[in-house]
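Thanks for coming. I have one model to go through today, and I will keep to pockets, salt bridges and overall build.

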Amino acid sequence: MSLITEADFVDLYFGDDFADVKGLKGAGTSRVSVPEAWAAEIEELRQRCQAVYQERQDPEFALSVEGTILRVTQFNDAFSGSVYVLRKSNAQIRDFNMLGFPREVAEALLDPGLRGLVLICGDMGTGKTSTAASLIVERLTRHGGIAFAVEDPTETNLNGQHGLGRCIQVQTSRRSGGYSEALTRTLRTGADLVLIGEIRDEDTAYQACKASLNGHLVIATMHSKSGPQAIEKLVTLAKPLAGNAYEVAAEGLQAVICQSLDTNGISRHLVAEPLLLTGADAPSIRNKIRRQEIHLVDDDTTRQKQASLWG
């Protein structure tokens with residue numbers, strides 16, 4: 001059992017001659033040297049970080065330690081030494097059926113014939129990646145097939161078999177061509193499902209829209225405060241590479257799930273506003289997107305919510 005992954009801390013820092021931990025529960029101060037009991041694991045992590053960085057020459061990557069994902073950032077200090085900062089990913093793969101989606105939404109997202117683009121949006125730290133990963137696992141478990149998860153960096157341990165299906169996890173980086181290069185290769189594989197860790201640039205938005213029209217189911221996350229804002233951001237990013245971005249988005253989008261975390265001071269629970277483009281009102285919603293009247297989609301989100309799509 002890994003002492004490090006079992007410990008409750010914020011960040012782990014180490015260089016050639018030091019190893020510190022920040023926010024270690026019970027330590028009493030913000031920063032302390034790592035406990036002596038961690039020494040062997042720290043040395044192993046140091047060697048792994050050095051090996052990965054030397055091989056990839058990329059300052060951001062992820063390591064898996066007994067199923068826990070550690071996100072790594074490399075820096076060069078003022079004296080030419082390497083410093084590594086490690087943080088445990090907060091993303092978790094949960095039972096999709098326990099996320100609390102209403103029946104209509106769950107059935108739409110798990111429909112075996114669903115193809116197109118599902119956007120999961122929200123602010124940072126609202127569990128977007130966890131929801132996306134949980135949906136991937138549930139679909140693979142139920143329907144089988146092959147999924148490719150393209151992330152920069154990796155945040156969840158999706159790699160391997162899930163029920164009837166299998167997920168192949170691909171870590172990409174800006175140095176290796178970013179999402180665009182990885183998605184171009186991934187979409188040639190005939191994968192049934194594609195997870196995009198985050199849409200944040202023009203190439204990724206274009207590839208996601210393109211794939212949504214070519215028979216793939218693409219599940220992607222995006223930072224935004226509302227569903228309509230996510231659609232507008234998708235179109236804005238894709239437009240330089242796809243002149244008909246509004247038309248492509250209107251045709252390819254199948255669902256936009258905007259989520260947040262409600263905190264009552266004791267616990268947090270998921271709150272989401274789903275916009276489905278799979279029901280009887282889908283043609284009307286798609287026409288609003290085509291006409292570049294995305295702000296009017298707010299009315300559809302409200303109407304679906306009032307129709308008890310979200311309890």
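A salt bridge here is a side-chain nitrogen of Lys or Arg within 4 Å of a carboxyl oxygen of Asp or Glu. By that criterion the structure holds 14 salt bridges. Keep in mind that this is a predicted model. I will take three of the pairs in turn.

Start with helix α2. The side chains of R46 and E43 form a salt bridge there, at 3.3 Å from N to O. Why can these two meet? R46 and E43 are three residues apart in helix α2, so about one helical turn separates them. As for exposure, the cut-off for buried is under 20% relative accessible area. R46 has 13% relative accessibility and therefore counts as buried. E43, at 35%, is partly exposed.

The next pair is R103 and E107, whose side chains meet in a salt bridge at 3.5 Å, N to O. Here the two residues are four apart in helix α3, which covers residues 103-110, and again that puts about one helical turn between R103 and E107. R103 is exposed, at 53% relative accessibility, and E107 is partly exposed, with a relative accessible area of 47%. R103 and E107 also belong to a network of salt bridges, in which they are linked with E104.

The third pair is E247 and R290, with a salt bridge at 3.1 Å, N to O. This one links distant parts of the chain: E247 sits in helix α8, residues 245-252, and R290 in helix α9, residues 282-290, with the two positions 43 residues apart in numbering. Both ends have intermediate accessibility: E247 is partly exposed at 34%, and R290 is partly exposed at 27%.

Now the pockets. How much space lies in the largest pocket? About 1200 Å³. There are 43 lining residues, and those closest to the pocket centre are R71, N90, A91, G125 and E155. Among the elements that give two or more residues to this lining are β5 (68-76), β6 (82-88), helix α4 (128-143), β13 (253-263) and β14 (268-276). By class, the lining splits into 14 nonpolar, 14 polar and 15 charged residues.

The second largest pocket has a volume of about 180 Å³. Its lining includes R48 and R56, the run A62, L63 and S64, and also Q169, V170 and Q171. At least two lining residues come from each of α2 (39-56), β4 and β10 (165-171). So much for position; by class, this lining has four nonpolar, six polar and two charged residues. Helix α2 thus comes up for a second time, as it also holds the R46 and E43 pair.

Last, the overall build. The protein has ten helices and 14 strands. Its radius of gyration is 21 Å, close to the 19 Å that the globule rule gives for 311 residues, so the protein is as compact as a globular protein of that length. The C-alpha trace spans about 60 × 45 × 40 Å along the principal axes. What share of the 311 residues is buried? Buried residues make up 51%. On contacts, taking those with a separation of 6 or more, 58% are between residues 24 or more positions apart.

That is the end of the tour; I will take questions now.

Note on methods
Residues numbered from 1 in each chain as written. Predicted model: local features only at pLDDT ≥ 70, side-chain atom pairs only at ≥ 80, totals over all residues. Heavy atoms only, no water. 1 Å grid on protein atoms, 1.4 Å probe; cavity = no way out; pocket = protein on both sides within 12 Å on 5 of 7 lines; lining within 4 Å. Points joined across faces, edges and corners; volume = space filled by probe spheres on them. Nonpolar A, V, L, I, M, F, W, Y, C, P; charged D, E, K, R; others polar. Buried < 20%, exposed > 50% of the residue type's maximum accessible area, 1.4 Å probe, protein only. Rg over C-alpha atoms; globule rule 2.2 N^0.38 Å. Contact = heavy atoms within 4.5 Å.
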